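Student: Could you take me through one part of this protein in close detail, and then show me what surrounds it? I would like a connected account that I can follow with the model open.

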Amino acid sequence: MPSLLNPRHWRRALAVAAALGLIAASGNWAEQRELEAKMEALRQASAAHVLGLRGLVEKHDFLPYAAARHPEVQHLLRAPADAALRARVNHYFADLQTTTGAAALYLVDRSGMTLASSNWNTPSSFVGESYRQRPYFEDALKGKRGLFYGLGLTTGQAGLFIAEPVRIGAEVLGVAVVKISLDPLERVWQHSGYPVALRDRHGIVFLSAVPEWLFHSIAPVSGADSAWIGAHAQYGLRTRFDLLPWDITAGKDTPGYTLKTSLQGRGASLLALDTPLPELGWTLTVTEDMRDVQQAKRAALTLATLAAAVLLLAVLYWRLRERRFAEQQAARLELEHRVEERTRDLQEAHALRKAMEDSLLVGIRARDPQGKIIYVNPALCAIVGYRADELLGRYPPYPYWHPEDLEKQARESDEALQGRAAPSGFESRIRHKDGHDVITMVYTAPLIDPDGVNRGWLSSVVDITAQKQAEARQRDQEIRLQRSARLASVGEMASTLAHELNQPLMALSNFAVAARALAGRASPDMLAGALDDIIEQARRASEIVRRVRALINPQRGHFESFAVADIILHAEALLKPELQRDGVTLQLSMENPAVQVRGDKVLLEQVLVNLIHNALQAMQEQPRQRRCISLSSQRSGPCLRIAVSDQGPGIPDDQLEQVFAPFFTTKPDGLGLGLNICRTIIEAHSGIMTVENRAGGGATFSFTLPIVP
């Protein structure tokens, strides 16, 4: 009992307790420091993966938007039976798919049926397939941009689908869809060293380098979500998703967490970090092996223990120098050997982190608070064309700054060094060492050491030159298309006036000749009648000019509701002399003469006059007993269908698709604008004009007009 109260024993116990406390504190400090380093590496890796993922999506994001605004794509939705037009759209999609590297590009009508596809000539063609059950199709029909990841209904291959509504005015005619394969991203993940996983909004892993994780969920999938996934065939026939083999422990002071799992049949302890991608509805999980953290803690405990041992040995050295010299020497050699091993382990860990930094595709540049470059990775050297030794230690202006933007880049550099850089990054034009320009996006963040001190600034540099060039080409193409459309509109309208005024002007000439012949030899009543006809045709010419101007500017149009019999009977009266002269019979068949339509009576009468006149000319070579024109009107759903049929030779099959084209004609003296003008007028009245050959000979031109409720 007295020995326990010996002060020397108390001092020894206190010294041992203090040493143990320092050793434990050193281990905890080393563990926390390594954990923070791992977490920072996870943040950088996550940022790189997010940039790669968003870059892959943004690379193809413009494709459905551009395809939806292509004139021939819009025309195909109006005329899906047009085989030549379908072939041109197929080749256009195939060219876009080959140029951009997308998996597929295709066009779907409002019913969900695929009309054209970049893979139309392959066994797995999308053409003729229905995708109406897909969410991206439903979103695009509502006028929104559709985004959906899942297995393909036709190929069974997974991909990201981006859909864009195809509009003409406010009307959605169909959907343009691009499919992007994420296989290149998955292959990169397979070589990243540690597992990476991508989950959808239901928590289901759909992309990972670990096959055992695929189609497993982080939490139980509800019955409603399973039903939704099955209804839209997102993952094929799968409707059951087992839980991931993860044992998760939330981090105390970090945003990450620790998970225990098995990889290739062996247990693994990983540090994981989740990064949400709200614009895609996904969550990216990046992991790091926890063995380095545990090794760092063990190394710190070992070093602290060794330090305590050294201190103890130093004390004993002075007390037992002669007696313990040999033991002291052996302990020193053992200590040096262990320190060498731990140093080598730390160097290997540093080399691994350096290799990961060098493998990034994003340029990384670190600067001190004064702007001196203290670190660059190989990706940045490749972007600017300078070696690392040519950049390290340089102050602004840097050699890759563009000579025309020196003032702008100096201002942006000063703002970044003062902590005022935009979080969303800024665009910067630089000059490559070989002389060509490179467009980049620069993102800057502070370099904070473990003590919370700002040691400088870290910038991520992304080369967006190819994206900018693609955007410029797209703008140039749109400008050229707009210019061509304006020139075509001017030429077509001038030809429209010339064509439509031809008939009343010829009538004016005929009536004037008749009036001159009657002058002085006929009664005043006959002469007055001829002059009245001249006045009527002059008024009709003026009315045609006014109505064509109204067709150009709908605000000037004179739309009214009237019975369909009004325009049919008036057209018959206008052409009655020509019909009698050529011995042609006009047979009228009106299902309901009193049915009301809305439109411009003069322009619609002109359409009927042109169609009847064309039918009359088509039968010039027929015997008089076969010269008969049928004009019928009948209800077809919410529209009224008016058809004009002749008994002529018909239209050659190879010309059926061209008859409505501007300046196409089979008449020696024709302008080739009559049918094009007629179709323009009908489309201005929200109708459709078509042509087909009759079984017994001749052709039938028909058009529809909405019925007034």
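Tutor: Let's begin with the open sheet in this predicted model, which is built from six strands in the order β7-β6-β11-β10-β9-β8. The pairing in this sheet is antiparallel. In general, strands of a sheet are held to one another by backbone hydrogen bonds, and the pairing can be parallel or antiparallel. At the edges you will find β7, residues 205–208, and β8, residues 247–250, each of which pairs on one side only. As you turn the model, look at how the strands sit against each other: neighbours in this sheet are turned by 30° on average, direction ignored.

Now zoom in on the β7 edge. Strand β6, residues 196–199, is joined to β7 by three bridges, and the two run antiparallel. For a pair to pick out on screen, try Ala197, whose bridge partner in β7 is Ser208. Helix α5, residues 183–190, packs on the sheet here, touching β6, β7 and β11, the last of these spanning 282–289. The direction of α5 makes about 60° with that of β7.

With the sheet in place, two helices elsewhere are worth a visit. One is α15, residues 601–618, which has 18 residues. From its first C-alpha to its last, α15 reaches 26 Å, close to the 26 Å expected at 1.5 Å a residue. This helix is mostly covered, as 14 of its 18 residues are buried. At the N-terminal end of α15, Asp600 acts as a cap: one of its side-chain oxygens lies 3.2 Å from the backbone nitrogen of Val602.

The other is α11, residues 406–417, where you will find Gln409. Gln409 has a relative accessible area of 4%, so this residue counts as buried, the cut-off being under 20%. Leaving out residues up to four places away in sequence, Gln409 touches Trp401, His402, Ser428, Arg429 and Ile430.

Finally, step back to the whole protein, which has 16 helices and 23 strands. Of its 709 residues, 39% are buried. If you take contacts between residues at least 6 apart in sequence, 57% of them join residues at least 24 apart. The accessible surface comes to about 38,300 Å², and carbon and sulfur atoms account for 56% of that area.

Technical notes: Residues are numbered from 1 along each chain as its sequence is written. This is a predicted model: local features need pLDDT of at least 70, side-chain atom pairs count only at pLDDT 80 or more; totals for chains, interfaces and linings use all residues. Side-chain values use heavy atoms; hydrogens and water are left out. Two strands pair if DSSP finds at least two bridges between them. Helices (H or I, at least four residues) and strands (E, at least two) are DSSP runs, numbered from the N terminus. Axes are lines fitted to C-alpha atoms, for helices over the stretch in contact, and angles run from 0 to 180 degrees between N-to-C directions. Contact means heavy atoms within 4.5 Å. Buried means under 20% relative accessible area, exposed over 50%, partly exposed in between (1.4 Å probe, protein chains only). Accessible areas come from the Shrake-Rupley method with a 1.4 Å probe; for residues, only the protein chains shown count as cover. The expected span of a helix is 1.5 Å times one less than its number of residues. A polar contact is a pair of N or O atoms within 3.5 Å; within protein, one must be able to donate a hydrogen and the other to accept it, and residues adjacent in sequence count only if both atoms are side-chain atoms.
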